[in-house]
Amino acid sequence: MSAKKTAHELLEDPDFRDLSSQKNVVSIILTILELVLYFGFIALIAFNKPFLAQKLSEGSATSIGIPIAVGTIIGSWVLTGIYIQWANSKYDKLVDKVKNKFQ
Amino acid sequence: MPQAPQAAQTMIGTANPTAIMFFVAFVISTLLITWWAAKRTRTTKDFYAAGRSVTGFQNGLALAGDYMSAASFLGIAGLVSTKGYDGLIYSVGWLVGWPIVMFLISEPLRNLGKYTFADVVSYRLNQRPIRAAAATGSLVVVITYLIAQMVGAGTLIKLMFGLPFEVAIVITGSLMIAYVLFGGMIATTWVQIIKAVLLLGGATLLVILTLSKFGFSYGNLFHQAENLYTNKFLEPGGLVTSPVDAFSLGLALMFGTAGLPHILMRFFTVPDAKEARKSVFYATGFIGYFYILTVTIGFGAAVLVGQKIIMGIDKGGNMAGPLLAEALGGNLFLGFLSAVAFATILAVVSGLTLAGASAFSHDLFVGVVRRGQASEKDEVKVAKIATVGLGITAILLGILFKGQNVAFLVGLTFAIAASANFPALVMSIMWKKFTTAGAVSSIYAGLTVATVLLILSPTVWVDIVHKSEKAAVEKAVTDIETASKTKIADLEKQKVAGLEAMKMAEIDASISAEKAASEPLIKAEKAKMPQPIFPLKNPGIYSMAAAFLIGILVSLIAPDKVAESKYDAQKLREYVGIGAED
């Protein structure tokens with residue numbers, strides 16, 4: 001076990017740096033994905049209505065727009081699930097590691 | 001094949017004994033919970049944050065409860081039943097803010113804050129100016145949202161229970177004061193959880209009953225919807241016309257969710273950042289599921305009840321859900337769902353009141369007036385006085401705004417939350433060089449720009465301020481059109497069989513002449529239409545940009561070395577939770 005560190009030393013600790021940069025990268029990537037998902041959907045409505053109006057298949061009444069809209073809802077939830085998955089498996093372990101080094 | 005019935009007998013709008021029975025049962029059980037909670041509410045931590053004893057799953061339900069208002073349940077089902085696919089677009093917009101809350105806000109908020117989001121913004125900045133500004137932002141959001149909810153409550157309860165508007169508002173306001181005053185956050189959370197379970201359960205049952213009419217196939221449901229209302233019903237229509245407007249509304253919905261004080265407050269009720277994060281995962285799942293149910297209910301109501309009947313009872317379609325419940329489950333189910341809708345309104349206004357009271361007592365009284373020096377006893381006392389004051393204000397404003405078009409207030413709430421609260425919060429968490437002056441100017445800029453632009457927008461400037469001029473123009477246009485149509489119809493009548501070709505051509509020429517004559521008249525009238533000073537319906541894109549830009553510029557012009565030096569300590573607490581409030 002390494003020696004206990006003060007708050008100031010901890011900030012310079014490679015584990016803490018690793019933890020904060022990983023968290024920032026994951027948060028920002030997922031935020032961008034969510035923005036692309038939603039504003040992509042809005043852009044389709046604004047610029048390509050005929051695409052959304054197409055039928056799913058011959059003889060079906062369901063337009064492509066319906067699964068895309070529901071997919072945006074489910075996709076948003078899946079993104080929160082990915083974050084949880086990452087945080088539980090990686091982030092929490094790093095947090096514990098850094099916490100243990102604290103005096 | 002189920003047909004849209006031509007006429008229906010409905011109990012909606014009458015004093016429905018089943019609904020009243022269910023509602024009384026809800027009130028009694030929630031008051032019992034409040035009584036139980038009152039015994040456990042001693043300290044500020046109990047009153048504002050339920051003693052930080054709420055689990056991630058419970059908080060997920062409570063967050064979902066705060067967000068699934070009666071307006072979204074009845075309103076989105078109504079919008080889908082009358083406008084089809086456009087209603088679905090709208091519901092997607094309400095969900096997408098939640099992942100943002102999770103990725104950027106939830107964990108830092110829990111680790112850095114105590115009871116209000118102003119705790120986080122002021123963490124390394126000057127307490128008094130920040131708390132004054134943040135509390136102003138919170139209170140404006142809370143009060144505008146409260147007015148919208150109260151007026152909605154009065155109208156909906158009148159429609160569903162046949163109670164007079166004022167009586168409905170006074171009942172709602174009094175119960176809300178009782179929950180918050182005696183039971184604080186513990187009672188408010190449990191009221192929210194019970195309501196969320198009832199609402200999700202009721203909506204699930206309604207969807208199962210609906211789909212059973214279509215052999216549990218969405219394909220069949222959409223087929224019938226297409227048969228009744230053409231394929232246009234299942235395609236994007238007129239809701240999104242201007243891309244910039246759509247983008248602006250999307251921004252306000254997305255980041256407004258991450259700036260609503262009654263939502264942010266819930267992250268202080270869980271024991272740690274891990275539970276805070278978990279609660280957003282559950283909340284997003286529940287809310288997404290709920291919107292999918294609501295959209296199904298909307299399409300189901302359009303097919304099984306029919307647009308004519310839905311719009312005959314309420315033009316906005318708000319009664320689509322209750323009407324469908326009545327058609328499928330009779331009076332018993334209608335009564336249950338009406339009671340759930342009432343409970344929903346109650347729970348949402350309680351959460352708002354508590355958020356407003358905490359901004360008042362924790363930020364304004366303790367932070368600004370007492371400069372951080374106040375006993376817990378005094379703080380709880382002020383919070384309770386603020387609760388009663390806000391409750392009475394909400395009742396009075398609700399009655400004052402009776403019959404007014406308050407839909408714009410929801411837009412205003414989200415625009416202000418996205419512009420005044422969200423930018424300051426996110427910059428204080430992420431940006432080392434953020435200063436007190438930057439935060440204060442960002443909050444006031446967001447607040448002012450959002451409010452002023454919304455007043456100058458088509459939603460308020462044309463539809464409310466120049467309502468009579470707009471109506472006059474519309475009437476003049478209709479008058480010209482009707483007169484012209486009557487003339488044309490008269491001419492058409494002269495076209496009897498056996499008329500000689502020359503006479504026929506003469507009549508056709510007169511018809512075209514009439515059409516040509518009326519067109520410039522209509523154009524001239526339409527030119528008199530009052531024009532908005534600001535073209536977009538939602539100011540989000542400009543007000544958010546203003547808040548970020550001003551916050552950044554002011555911080556860069558006058559750097560604050562003290563605040564900068566405290567950023568490292570903040571980071572340690574933000575990421576690791578060292579020193580976070582127990």
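A cavity is a set of grid points where a 1.4 Å probe fits but cannot get out, and its lining residues have an atom within 4 Å of a point. In this predicted model, the count comes to 3 cavities of 30 Å³ or more. The largest cavity holds about 70 Å³ of space. Its lining is made up of Tyr115(B), Thr116(B), Phe117(B), Ser138(B), Pro261(B), Leu264(B), Met265(B), Ala355(B), Ser358(B), Ala359(B) and Asp363(B). Two elements of chain B, α12 (261-264) and α15, each give two or more residues to this lining. The largest share, 4 residues, comes from α15(B). Sorted by class, the lining of the largest cavity has 7 nonpolar, 3 polar and 1 charged residues.

We can turn next to a pocket. The second largest pocket contains about 390 Å³ of space. It is lined by 22 residues, and those closest to its centre are Lys114(B), Arg131(B), His362(B), Val366(B) and Gly372(B). Helices α8 (127-161), α15 (320-369) and α16 (376-400) of chain B are the elements that give two or more residues to the lining of this pocket. Helix α15 of chain B thus appears in both places, as it also gives residues to the lining of the largest cavity. By class, the lining of the second largest pocket has 5 nonpolar, 8 polar and 9 charged residues.

A wider view takes in the domains. Chain B is divided into domain 1, which covers 17-466 + 534-576, and domain 2, which covers 470-527. Taken over C-alpha atoms, the centres of these two domains of chain B are separated by 50 Å.

How values were computed: Residues numbered from 1 in each chain as written. Chains lettered and ligands numbered in written order. Predicted model: local features only at pLDDT ≥ 70, side-chain atom pairs only at ≥ 80, totals over all residues. Heavy atoms only, no water. 1 Å grid on protein atoms, 1.4 Å probe; cavity = no way out; pocket = protein on both sides within 12 Å on 5 of 7 lines; lining within 4 Å. Points joined across faces, edges and corners; volume = space filled by probe spheres on them. Nonpolar A, V, L, I, M, F, W, Y, C, P; charged D, E, K, R; others polar. Domains from an automatic or database assignment.
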